[in-house]
Each structure stands twice: as C-alpha cells, then as structure tokens.
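Work through these exercises with the model open beside you. Try each task before you read its solution.

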Amino acid sequence: PNLNTSILSAIPFSIPTMTEQVAIGSLLGWLDKKIELNRRLNETLESAVATVFYAWFVDFSPVVSKAADRSPVGMAATVAEMFPSSFDESSCGPIPKGWQVRSIGEVMEINPIRQLRKGAVTPYLEMANLPKTKARITDWEMRAFSSGTKFQNGDVLLARITPCLEHGKTGYVDFLQEGQVAWGSTEYIVLRSKPPLPTEYAYFVARSEDFRAHAIANMTGSSGRQRVPGSSLNGFPIVCPPSDIANKFGSFARLSFAQMKANDEQSATLTTLRDTLLPKLMSGELRIRDAEKIVGTHV
C-alpha cells in the first residue's frame with residue numbers, strides 16, 4: 001500500500017545509447033529552433049507593417065519628403081505618386097492635402113452585430129489569451145455559446161477593462177473558418193474598418209498611443225473595475241487617406257498577416273510533432289532515421 005524510494009529505484013527502464021541521445025537531442029533541438037525562428041519572423045513582419053502604417057498615416061512621411069522636394073525613402077515611384085506634396089490645415093493639425101478627418105464611428109464599426117445560436121459549439125477566447133504585444137491570436141478553445149462578445153475574421157478585439165487595457169491586450173481575428181462566428185469575454189470591444197480602409201488598419205489604430213490614451217481617459221466605474229464604454233470611442237478622430245493609398249496598404253498588410261498565420265500554423269504543427277516524437281524516440285518505438293523522414297514532410 002505504500003510507495004517509497006526503494007520501490008521507485010527498482011523500476012527498470014531502457015535508455016537509448018549516447019549516440020542515439022545526441023541524435024534525438026539534435027533533431028528535437030532543430031524543431032525548437034525552427035519554432036523560435038517563426039516567432040521572430042512574425043515579429044519582424046508585424047513590425048514592418050506597423051512601420052509603414054505610422055509612416056503613412058501618422059507621421060505622413062511621404063508627404064513631408066515630397067513637400068521638401070525629396071523622393072520618399074524606400075518607396076516605389078508608382079506608390080509615391082499617390083501621395084500629395086503639400087498639407088491642409090485641419091482640426092488635427094496639418095494633414096495631407098485632400099485627406100479627411102473623420103470620427104472613428106464614421107469609418108469603423110464599433111461592436112457590430114454578430115449572430116450566434118445559444119448552445120452552438122464554437123471557438124471561445126479567454127481574456128488571458130488576448131495578446132499584449134502581437135496581432136495574432138493563437139490560443140482558444142471550443143465551448144458552447146451562452147453569452148458574451150461575438151466576433152468573426154477581420155474584427156479587432158480590444159480589452160476594455162482595467163488593467164487589461166493598460167497592458168495592451170489587443171488582437172486581430174484571423175483564426176476562424178470562413179463565415180464562422182466565435183465568442184469571448186463581455187469585456188471586449190470589437191472594431192472593424194469600413195471600406196475602403198482594410199481590416200488590418202483598425203488593428204494598428206487600436207495599438208496607437210493616441211487611441212489608447214483616449215480610451216484610458218474615458219474609462220468609467222469604480223476603482224479596480226473601470227472599463228471603457230464603446231460609445232466613448234465614437235468621436236475619436238481618424239485622418240483618412242484616399243482609397244488608392246488605403247488599398248495599397250491593405251495589400252501589403254494582408255500578405256504579411258497571411259505569412260504570419262502560416263508561420264504560426266507551422267509552429268503549432270512542429271510543437272505537436274516534437275511532443276509526439278520525444279517519448280517514441282526515447283522508448284525505442286521509433287528510430288531516429290524514421291523520425292527525420294517524418295519531420296521532413298512538415299518543413
């Protein structure tokens with residue numbers, strides 16, 4: 001009836017040879033490196049899109065360059081031609097000539113209506129799994145719908161409660177099937193760009209310092225349970241580009257986000273593969289040569 005160290009120390013088990021152990025460690029270590037490389041690639045891809053967003057729509061760098069009679073740096077001539085070479089005055093200060101200042105409620109849907117039948121089993125997103133520093137959401141579970149915030153691909157989720165808002169919890173939804181509706185915490189605000197603004201545009205607005213400062217300044221409620229009313233975001237000003245520039249940014253953002261999704265999906269596959277291979281290799285059920293062939297089919 002008792003378990004002690006003598007019993008445990010007498011349990012026999014097999015150990016691969018040192019050569020096999022080194023080979024196993026090398027193979028599984030390579031998988032870990034590939035997973036880490038994908039993570040870093042995604043950081044670079046998102047950073048590149050963010051750099052373009054802030055250069056074009058916040059700092060207006062191409063217009064500044066053309067106004068100073070300089071060619072915009074790192075930009076194809078056909079793209080540079082889309083930008084004006086002067087500014088107009090506006091309620092937000094100087095903005096590119098021909099662009100417009102609109103309220104966020106005019107150019108984005110805030111908490112759009114989504115239909116989901118009660119009891120339907122569909123992806124559920126915990127607040128804990130909403131990212132703090134990246135766009136893509138990679139962890140969720142299937143759960144029967146009861147009540148909560150509903151969303152679909154192309155929506156942006158923003159935590160509206162303290163301290164999640166201050167911590168930067170924001171995510172871009174692209175993990176669902178076509179037409180699928182998911183759900184999550186009631187403490188999400190859902191944003192979605194209206195055409196011609198691409199859906200990725202709303203994500204970078206939600207990540208911007210000015211928008212987050214506006215949201216935090218409009219929190220209401222008792223200390224420790226403050227939250228942002230969705231209606232308080234309606235008046236936030238957005239400097240809107242013409243459709244050709246919005247579409248050009250959208251094309252670049254979509255390609256980058258699609259590659260980020262492919263990288264994350266590959267990493268999920270490699271993680272499962274690594275965790276499946278390890279016990280089989282250590283027990284001798286699978287030989288290293290066969291494992292290498294299996295890995296080769298996934299990379």
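**Exercise 1.** Which residue in E6 stands opposite threonine 122?

Solution. The partner is arginine 143. A word on the source: this is a predicted model, in which local features need pLDDT of at least 70, side-chain atom pairs count only at pLDDT 80 or more, and totals for chains, interfaces and linings use all residues. Residues are numbered from 1 along each chain as its sequence is written, and side-chain values use heavy atoms, with hydrogens and water left out.

Now widen the view. Strand E5 (residues 121-125) and E6 run antiparallel, joined by four bridges. Strands here are DSSP runs of E, at least two residues, and helices are runs of H or I, at least four, numbered from the N terminus. Two strands pair if DSSP finds at least two bridges between them.

Finish with arginine 143. Its charged end sits over the ring of tyrosine 124, 3.9 Å from the centre. The test for this: NZ of Lys or CZ of Arg within 6 Å of the ring centre and within 35 degrees of the ring normal.

**Exercise 2.** Place the strands of the open sheet in order, then find its edges.

Solution. The order is E6-E5-E10-E7, four strands with mixed pairing. Strand E6 (141-144) and strand E7 (149-151) are at the edges; each has a single partner strand, so one side of each lacks a neighbour in the sheet.

**Exercise 3.** Is threonine 199 buried or exposed?

Solution. Start with its place: helix H6 (residues 199-207). Its relative accessible area is 18%, so threonine 199 is buried. The cut-offs are under 20% for buried, over 50% for exposed and partly exposed in between (1.4 Å probe, protein chains only). Next, list contacts, meaning heavy atoms within 4.5 Å. Not counting residues up to four places away in sequence, threonine 199 touches Gly154, Val156, Tyr172, Arg192 and Ser193.

Repeat for serine 256. This residue lies in helix H8 (residues 243-283). Serine 256 is buried at 6%. Leaving aside neighbours within four places in sequence, serine 256 contacts Leu45 and Val49.

**Exercise 4.** Classify the ring pair of phenylalanine 53 and tyrosine 54.

Solution. The whole structure holds 23 aromatic pairs. For this one, the ring centres are 5.2 Å apart and the planes stand at 90°, so the pair is edge-to-face. Rings of Phe, Tyr and Trp (its six-membered ring) pair with centres within 6.5 Å; planes under 30 degrees apart are stacked, over 60 edge-to-face, the rest tilted. Phenylalanine 53 is buried at 3%, whereas tyrosine 54 is partly exposed at 26%.
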